[in-house]
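Work through the following exercises on charged side-chain pairs. Each task is followed by a stepwise solution.

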Amino acid sequence: MQWQEKMQEIAARVRENDDFVVIHHYDADGCSSGAILYKALEREGKKVQKMWIKQLYKETIPEIKGKGKNYVFVDFGSGQLGYLKEEFGDNLYVFDHHQKTNVEHMNHFSPFDYGINGGNEISASGVAYLFAKTLNEKNIDLVPLALVGAVGDVQDFHGKLVGMNAEIVKEGKENGFIKVENDLRLYGRVTRPLTSFLMFSSSPVLPELTANEENCKKFLQELGIELKRGGVWRTYNDLSDEEKKKLTSALIVHLASHNVPEWKIKDLIGEVYSFPRENPKSPVSDAKEYSTLLNACGRHGHADIGVEVCMGDRAEKYMEAMSLMQEHRRQLRQGIEWVIQTGVDEKEQFYYFDSGERIKESIVGIVAGMLYGSGAIEDNKPIIAVAVNEDGSLKISGRATKDLLDKGINLGKAFKEICNELGEGNEGGGHAIAAGLKLETKNKEIFFEKLNEKFKQQTST
């Protein structure tokens, strides 16, 4: 069976039913995919509610049950299909892109069943978009959200979106919803003043520029690029084409002169995705900045605000989301400063730090990933972060690099296997490059021991 046939079968069953609850994850991919499915069902005239949760565990089922008749899980569910099937039977729908188990269900869609890698070829928002378009072709206007989720899940780490994501990009471009450019890929093209644009670059790190405001100002001034115009700080998007080329060329020369590896210099340039129907000065006009806005909402307890922005709110909820993004950036900066000051510990196969309650469990994984660009760790091993959940258990988050994936590292697989070995059920998993799990405090040391062995096995085959 082709994936299109599977989608058609599920769509037919959805059309025959009513009273849906869409349950989605709280990050950028979860918010965008939840919004897509909510909007698609609403347009079909269905009674539909939405609900976000941080993680899908067995103990979260009671707070979900009883809210409706049919339950749609998106951006999780593949790894938890066993107990979801027991609880919801035929009234269950799962649209996910995470690594799956061997449990089957007629309303479960996994890209892996069709040779599509959910780790880098499609995100949950992409899966949700394909379903929404199967339900009704008019839902093509939701295509920007498919990209926001994919970029939020860093599926563009090859310098562009690939696989099924690339097909979605092509469709959105042809229909005028998406603009694709080959350009500088540093974060903050829309909203960061030029000095901050360079100073806060972490992917890649810019030697002598990252974290050095004076050097960034000097660098730009020597290129003859005005930092302000009409009393307003200029952003990268405010530059003329000539100025953009001048800055990009100068950065490439700068990196080469500091012996930065060629593959890292290549990462500087790639595809960037923007949405021409949005205000060009707003973060929602750029896929990367839009995804950060949604992450800020979700990881600070307001994924519902992010979903409202996804569904078109550009007034009250949008302003609330902008405030949350400022708070998000502040807490990330504090988290990174704390880790750099405290230091990172090291095992044979990975780096790690235990933040206790100092860093929110909802952002500790992001902090871990940003350490690769901070100079605190090298990029030769995965980084594992520990924080405390509200119930006293541990949140373990792992991050890797694409270079480590090429060497065999698969965080999601390792986390899932160890959880099963420790009898922690389906409480862990994710992607090869980023994964998370919930762990009992007593199992922390044995988890680290097992993880060390797993990584050793993965890189020796």
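A salt bridge is a side-chain nitrogen of Lys or Arg within 4 Å of a carboxyl oxygen of Asp or Glu. The model is predicted, so local features need pLDDT of at least 70 and side-chain atom pairs count only at pLDDT 80 or more, while totals for chains, interfaces and linings use all residues. Residues are numbered from 1 along each chain as its sequence is written, and side-chain values use heavy atoms, with hydrogens and water left out.

**Exercise 1.** State how many salt bridges the whole structure holds, and place the pair K47 and D19.

Solution. The search of the whole structure gives 32 salt bridges. In one of them, K47 and D19 meet at 3.9 Å, N to O. K47 sits in the loop between α2 (28-43) and β2 (48-52), and D19 in the loop between α1 (3-16) and β1 (20-24), so the pair ties together parts 28 residues apart in sequence. Helices (H or I, at least four residues) and strands (E, at least two) are DSSP runs, numbered from the N terminus.

**Exercise 2.** Is K381, partner of E346, buried or exposed?

Solution. The closest N and O atoms of K381 and E346 are 2.5 Å apart. E346 belongs to strand β10 (residues 345-346), whereas K381 lies in the loop between α15 (364-370) and β12 (383-388); the pair therefore ties together parts 35 residues apart in sequence. K381 has 9% relative accessibility and counts as buried (buried is under 20% relative accessible area, exposed over 50%, partly exposed in between; 1.4 Å probe, protein chains only).

**Exercise 3.** Describe the salt bridge of K413 with E417.

Solution. Their closest N and O atoms are 2.9 Å apart. K413 and E417 are four residues apart in helix α17 (residues 411-421), about one helical turn. K413 is partly exposed at 41%, and E417 is partly exposed at 26%. Both belong to a network of salt bridges that also links E421, K450 and K454.
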